[in-house]
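I opened this entry to look up the sheet, one helix residue, the nonpolar cores and the main pocket.

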Amino acid sequence: LFRARPTAVNLQWALSRMAEIAEKNSYNSIASIKDILFRESLHLLEKDQKICRKIGRVGSKFIQKGSSVLTHCNAGGLATAGYGTALGVLFRAKEERKNFSVYVDETRPLLQGARLTIWELMRAGITCTLICDNMAASLMKQGKIDLVIVGADRIASNGDTANKIGTYNLACLADIHNIPFYVAAPKSTFDLNIANGSAIPIEKRNPQEVTNIGEKMIAPLAVNVYNPAFDITPGEMITAFITEKGIIKPP
């Protein structure tokens, strides 16, 4: 499990926590250790839900009346313990009865935006529109995007942030168009053991994720494919981090 997702630090943090609990209780029977680990997992579940709701409360101030938000990949209840980080900010703004809208990147190649994020937003009654990843620049140029909010898989000491592939594209576009770019993430996503993004391992994924959409092949057989799951956004391109501890701005 620890090796399954080398880029994201949250899973590694949680597994390390569970291993520590198991070691501390190693004198117990296997059945007792299982019960202790189960209770600890429920504690982590409850804690994550509270943290995400705090992130939502902290970040909702950035959503103004009439705001148009762009988000990428999925950072909602399906990616967390039921509420979300980047989407948690939007859910909270909706609870505060703010009138705003969201553009959702489809997020190729696995389409987390199209399959997951847009479904969560529609279910919450939030006005949302699905777009192809390559449409963001055009919308920004037309003045239709006021801010970008994304989640994160790992954040280095200097603020360099690993998130779903395509996030760096949006940061560059937001920088060119002078649009605020926010990263919503819990304290556990910050990896202060690494100095910068170059130390974050980038997971490479199955080529078929690019050559196929579901069972349907959309590219020539035996084509060469480059399929990293994440990219690194430089810390200096991030307007602020939205965390359960508050807002973190440069430096």
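I count a contact when heavy atoms lie within 4.5 Å. The model I worked on is predicted.

**Q112.** I looked up Q112 and found it in helix α4, residues 112–123. Setting aside residues up to four places away in sequence, I list C73, N74, E106, T107, T117 and K164 as what Q112 touches. Is Q112 buried or exposed? The cut-off for buried is under 20% relative accessible area. Q112 has 10% relative accessibility, so I enter it as buried. I also checked Q112 against G159: they are 47 residues apart in sequence, and their C-alpha atoms are 24 Å apart in space.

**Sheet.** I traced an open sheet of 7 strands with mixed pairing, in the order β3-β2-β1-β4-β7-β12-β13. β3 (127–131) and β13 (246–248) each have a single partner strand, so at these edges one side of each strand has no neighbour in the sheet. From one strand to the next, the twist averages 25°. I then took one pair from the sheet: β4 (residues 147–150) and β7 (residues 181–184) are parallel and share 3 bridges. V150 stands opposite V183 in β7. Helix α6, residues 167–176, lies across β1 (68–71), β2 (101–105), β4 and β7, and I noted its angle to β7 as about 145°.

**Cores.** Which residues have the most contacts inside the largest nonpolar core? I find I63, L90, V102, L121 and I149, in a core of 27 residues. The elements that each supply at least two residues of this core are α2 (30–59), α3 (86–95), β2, α4, β4, β7 and β12 (240–243). The largest share is that of α3, with 6 residues. I followed I149 further: beyond its neighbours within four places in sequence, I149 is in contact with I63, V69, L70, T71, H72, A86, V89, Y182 and A184. Another core, of 21 residues, lies apart from the largest one, and I131, L139, I145 and F241 are among its members.

**Pocket.** I looked up the largest pocket and got about 1300 Å³ of space. I find 43 residues in its lining, and N10, L11, D48, A79 and T80 lie nearest the centre. Two or more lining residues come from each of α1 (9–24), α2, α4 and β6 (161–164). Which element gives the most to this lining? I enter α2, with 9 residues.

Notes: Residues numbered from 1 in each chain as written. Predicted model: local features only at pLDDT ≥ 70, side-chain atom pairs only at ≥ 80, totals over all residues. Heavy atoms only, no water. Pairing = 2+ DSSP bridges. Helix = DSSP H or I, 4+ residues; strand = E, 2+ residues; numbered from the N terminus. Axes fitted to C-alpha atoms, helices over the stretch in contact; angles between N-to-C directions. Buried < 20%, exposed > 50% of the residue type's maximum accessible area, 1.4 Å probe, protein only. Core = buried A, V, L, I, M, F, W, Y, C linked by side-chain atoms within 4.5 Å. 1 Å grid on protein atoms, 1.4 Å probe; cavity = no way out; pocket = protein on both sides within 12 Å on 5 of 7 lines; lining within 4 Å. Points joined across faces, edges and corners; volume = space filled by probe spheres on them.
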